[in-house]
Amino acid sequence: MLNRLWAAMIVLGIVWAGLHGTMSDVTGQILDSAQDAVQLCVTMLGVMAMWTGWMKVAQEAGIVAQLTGMLNPFLRWMFPNIPDRHPAKTSISVNLVANLLGLGWAATPAGLQAMRELAKLEEERNGNRSLQSRKTASDEMCTFLVLNISSLQLIPVNIIAYRSQYGSANPAAIVGPCIAATIVSTAAAVLFCKIMTKR
């Protein structure tokens with residue numbers, strides 16, 4: 001669906017430019033945008049390297065483990081059917097901690113691992129009948145996905161980097177509004193998950 005939407009907007013833009021004689025402007029903007037995209041990728045690569053490095057240091061120093069321990073009561077409440085020492089809970093914790101610190105890149109591998117572990121857990125519950133044969137996700141998978149998407153963040157690293165790249169006078173000014181917005185989105189996600197799970 002999104003591919004069709006983007007393709008339609010591109011075609012519409014080119015046709016509009018052709019009808020109004022501004023094709024040279026479109027060509028210039030395409031080249032400028034390509035240059036901006038490369039510069040942004042280089043900037044984000046540096047930011048990603050720095051923050052994932054800090055995440056690794058935090059893991060080695062035990063900070064991530066402490067944060068994970070603090071999340072345990074919340075995880076027990078959100079995922080009551082996952083055993084306490086199940087590997088899925090560890091992966092979910094690491095994912096949520098990485099998202100909390102604004103490290104979406106570091107959160108992705110843990111999120112994928114959590115989904116794999118949740119799939120294994122569901123297969124065990126259903127007598128090794130795979131999720132593919134059922135074609136439905138478990139309640140835990142849906143809950144984790146919604147929590148991951150709502151993504152409570154204390155440090156919105158991506159947005160700060162984008163604002164810095166595009167010349168913002170105070171790139172970190174977005175921190176307060178982002179915390180407020182993600183608190184609301186996460187609260188809505190938790191409420192939604194609890195209501196749907198009960199149904």
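Contact in these exercises means heavy atoms within 4.5 Å. The model is predicted, so local features need pLDDT of at least 70 and side-chain atom pairs count only at pLDDT 80 or more, whereas totals for chains, interfaces and linings use all residues. Residues are numbered from 1 along each chain as its sequence is written, and side-chain values use heavy atoms, with hydrogens and water left out.

**Exercise 1. Alanine 110**

Determine which residues alanine 110 touches, and whether alanine 110 is buried or exposed.

Solution. Begin with the location: alanine 110 belongs to helix H5, where helices (H or I, at least four residues) and strands (E, at least two) are DSSP runs numbered from the N terminus. Next, with residues up to four places away in sequence not counted, alanine 110 touches Ser91, Val94 and Asn95. Then take the accessibility, for which buried means under 20% relative accessible area, exposed over 50%, and partly exposed in between (1.4 Å probe, protein chains only). Alanine 110 has 11% relative accessibility and therefore counts as buried. Finally, the C-alpha atoms of alanine 110 and valine 97 are separated by 10 Å, the two residues being 13 residues apart along the chain.

**Exercise 2. Helix H4**

Compare the span of H4 with the expected one, and explain why H4 is described as largely enclosed.

Solution. The expected span of a helix is 1.5 Å times one less than its number of residues. For the 14 residues of H4 this gives 20 Å, and the end C-alpha atoms are 20 Å apart, which agrees. As to enclosure, twelve of the 14 residues of H4 are buried, so H4 is largely enclosed by the rest of the structure; among these buried residues are Ser91, Ile92, Val94, Asn95 and Val97. The elements that cover the buried residues of H4 include H2, H3, H5 and H7. After H4 comes glycine 102, whose phi is positive, near 80°.

**Exercise 3. Helix H3 and its ring pair**

Describe the course of H3, and then state how phenylalanine 74 and tryptophan 77 are arranged.

Solution. H3 has 16 residues, and its first and last C-alpha atoms lie 22 Å apart, close to the 22 Å expected at 1.5 Å a residue. There is nevertheless a kink of about 45° at asparagine 72, shortly before proline 73, the bend at a residue being the angle between axes fitted to the seven residues ending there and the seven starting there. The buried residues of H3 are Val64, Thr68, Leu71, Leu75 and Met78, and they pack against helices H2, H4, H7 and H9.

For the rings, the structure holds one aromatic pair. Phenylalanine 74 and tryptophan 77 form this pair, which is tilted, at 6.4 Å centre to centre and 50° between the planes. The criterion is that rings of Phe, Tyr and Trp (its six-membered ring) pair if their centres lie within 6.5 Å, with planes under 30 degrees apart counting as stacked, over 60 as edge-to-face and the rest as tilted. Because phenylalanine 74 and tryptophan 77 are three residues apart in helix H3, they are separated by about one helical turn. Phenylalanine 74 is partly exposed, at a relative accessible area of 27%, and tryptophan 77 is partly exposed as well, at 47%. Lysine 194 lies over the face of tryptophan 77, at 4.6 Å from the ring centre; such a placement requires NZ of Lys or CZ of Arg within 6 Å of the ring centre and within 35 degrees of the ring normal.

**Exercise 4. The largest nonpolar core**

Identify which members of the largest nonpolar core touch the most other members, and follow the contacts of phenylalanine 79 to threonine 143.

Solution. A nonpolar core is a set of buried Ala, Val, Leu, Ile, Met, Phe, Trp, Tyr and Cys residues joined through side-chain atoms within 4.5 Å. The largest one has 30 residues, of which Phe79, Ile92 and Leu118 touch the most other members. Two or more residues each come from H2, H3, H4, H5, H7, H8 and H9, and H2 gives the largest share, six residues.

Leaving aside neighbours within four places in sequence, phenylalanine 79 is in contact with Lys89, Ile92, Glu140, Thr143, Phe144 and Leu147. Threonine 143, one of these, is found in helix H7 and counts as buried at 5% relative accessibility. With its neighbours within four places likewise left aside, threonine 143 is in contact with Met78, Phe79, Cys193 and Thr197.
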